[in-house]
Amino acid sequence: MFHWTEKPSATLQSGGVIGPDERLPWPSTAVMGVQHLIAMFGATVLAPILMGFDPNVAILMSGIGTLIFFVMTGGKVPSYLGSSFAFIGVVIAASGYTGPGPNANIGVALGGIVACGIVYTLIGMLVQAIGTGWIEKLMPPVVTGAVVAVIGLNLAGIPIKNMAPTNFDAWMQGITFVCVALVAVFTSGMVQRLLILVGLILASVIYAVLTNGMGFGTPMDLSGIANAAWFGMPGFAAPVFEAKAMSLIAPVAIILVAENLGHIKAVTAMTGKNLDKYMGRAFMGDGVATMVAGMSGGTGVTTYAENIGVMAATKIYSTAVFFVAGCFAIVLGFSPKFGALIQAIPLPVMGGVSIVVFGLIAIAGAKIWVDNKVDFSDNKNLLVAAITLILGTGDYTLKFGDFAFGGIGTATFGAVLLHLLLNRRKA
């Protein structure tokens, strides 16, 4: 049952580990919300660009989706909902998008995203009705840990291959992740908790000195901030429901279930609070948010491992932070000027931060194995994890006619099926 009278994040705390039901003072909560906004921004904007969607709509829908998730889980599950990369391959296949620029056939892709959200919501209702036992049988810790780790490893190529076009940019990425690491290790208090944001600011200042001041690389261009309007409507689009596109995109719901399950298990491991009783509500919240996004021109959404990585580093799991982050994202969606400010962050600096965050995702998957004492002396567990990691990291792709599963998809389904197959061995 839903308990809408629960008071999320009602206990005020100022230090130590901040649990889901606790919160920092509101000024600190707001600053932490900005850090989560920055953590999700790169991937949430990149995914729609790769599919030919409007990034401002994606940002807006990520904020609205996060608030939907917050309400439907009673404010008990700390998660941010951002653009899911699991949709990219099937959306491109369904819409025939060749890029760059707007996707001329976006409507059929949106119809498929709505269908995926419906399937996902129905799975959530089933979990809410009968529990998570059947999902946990399909996806035990060895599987969920591998899937979470694969998401970080599969995304690793984005900052390394696509966000450092020159040698200078590659060096700048290194300077950025070193800045974040130094802040994480050699500072304390709120500065340490804001390691992503502070590291990004430090790296941006260094970048400006080296480029604008000393002539290395591409100078920072801040003109877009001055020229952008304070308020503007994003480019909404309506779905078109075609059976072929819906059949291609709807199965992504299974990947989203695995992602969400892995993320909740990761947060459970980090906080010591069992969030399994909220699993069905989390699935439904994510499913409804995906439907709303698809109805408006946004990408399908998922609970974001990038933000789980930030939680792992900061030890702040307050759901109030995500409520604030969702509100900020809505403002960003309607504000070209705010968007221009974020987009002014140099690409290699954003890439360096992405390396840190994606790495933290991979480690969160490994932490699931450690916390659940997965026995890797058992060849079943060893082979499931080993094969899954390589399938996802290498972006192993399988095609069934017009339907294609990329690395995250093949790794997810491969891990589940391989575990079921190997688990049938005689004791």
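**Strand residues, a helix pair and two loop lysines**

In this predicted model, Thr 303 is located in strand E4, which spans residues 301-303. The residue has a relative accessibility of 0% and is therefore classed as buried. Its side chain is engaged in a polar contact of 2.7 Å with the side chain of His 263. When neighbours within four places in sequence are set aside, His 263 is found among the contacts of Thr 303 together with Phe 69, Ser 79, Tyr 80, Leu 81, Glu 259, Asn 260 and Asp 286.

A second strand residue, Ser 83, belongs to E3, which comprises residues 81-83. With a relative accessibility of 1%, Ser 83 likewise counts as buried. Two polar contacts of its side chain can be described: a polar atom of the Ser 83 side chain lies 2.9 Å from the backbone oxygen of Thr 44, and a contact of 2.9 Å joins the side chains of Ser 83 and Thr 299. Both Thr 44 and Thr 299 also appear in the list of residues in contact with Ser 83 once neighbours within four places in sequence are left aside, a list that further includes Ala 43, Ala 47, Pro 48, Ala 58, Gly 300 and Tyr 304.

Helix packing is illustrated by H8 (residues 167-186) and H10 (residues 195-213), whose axes come within 8 Å and cross at roughly 140 degrees. The crossing of H8 with H10 is right-handed. On the side of H8, the contact is formed by Phe 168, Asp 169, Met 172, Ile 175, Thr 176, Cys 179, Val 180, Val 183 and Ala 184, whereas H10 contributes Leu 195, Ile 196, Val 198, Gly 199, Leu 202, Ala 203, Ile 206, Tyr 207, Leu 210 and Thr 211. By class, the residues of this contact comprise 15 nonpolar, three polar and one charged.

Aromatic pairing was also examined, and the count comes to five pairs. In one of them, the ring centres of Phe 168 and Tyr 207 are 5.9 Å apart and the planes stand at 50 degrees, so that the pair is classed as tilted. Because Phe 168 lies in helix H8 and Tyr 207 in helix H10, the pair ties together parts that are 39 residues apart in sequence. Phe 168 and Tyr 207 are both buried. A further aromatic pair, formed by Trp 369 and Phe 376, is edge-to-face, with 5.2 Å from centre to centre and 80 degrees between the planes. Within this pair, Trp 369 is buried at 13% relative accessibility, while Phe 376, at 31%, counts as partly exposed.

Positive phi values occur at two lysines, although neither residue is a glycine. Lys 315, with a phi of about 65 degrees, is placed in the loop between helix H15 (305-314) and helix H16 (319-334). Its relative accessible area of 38% makes Lys 315 partly exposed. For Lys 373, phi is near 50 degrees, and the residue is found in the loop between helix H18 (347-371) and helix H19 (379-393). Lys 373 has a relative accessibility of 71% and is accordingly counted as exposed.

How values were computed. Residues are numbered from 1 along each chain as its sequence is written. This is a predicted model: local features need pLDDT of at least 70, side-chain atom pairs count only at pLDDT 80 or more; totals for chains, interfaces and linings use all residues. Side-chain values use heavy atoms; hydrogens and water are left out. Axes are lines fitted to C-alpha atoms, for helices over the stretch in contact, and angles run from 0 to 180 degrees between N-to-C directions. Helices (H or I, at least four residues) and strands (E, at least two) are DSSP runs, numbered from the N terminus. A crossing is left-handed if the near helix is turned anticlockwise from the far one by less than a right angle, and right-handed if clockwise. Contact means heavy atoms within 4.5 Å. Ala, Val, Leu, Ile, Met, Phe, Trp, Tyr, Cys and Pro count as nonpolar, Asp, Glu, Lys and Arg as charged, and the others, Gly among them, as polar. Buried means under 20% relative accessible area, exposed over 50%, partly exposed in between (1.4 Å probe, protein chains only). A polar contact is a pair of N or O atoms within 3.5 Å; within protein, one must be able to donate a hydrogen and the other to accept it, and residues adjacent in sequence count only if both atoms are side-chain atoms. Rings of Phe, Tyr and Trp (its six-membered ring) pair if their centres lie within 6.5 Å; planes under 30 degrees apart count as stacked, over 60 as edge-to-face and the rest as tilted.
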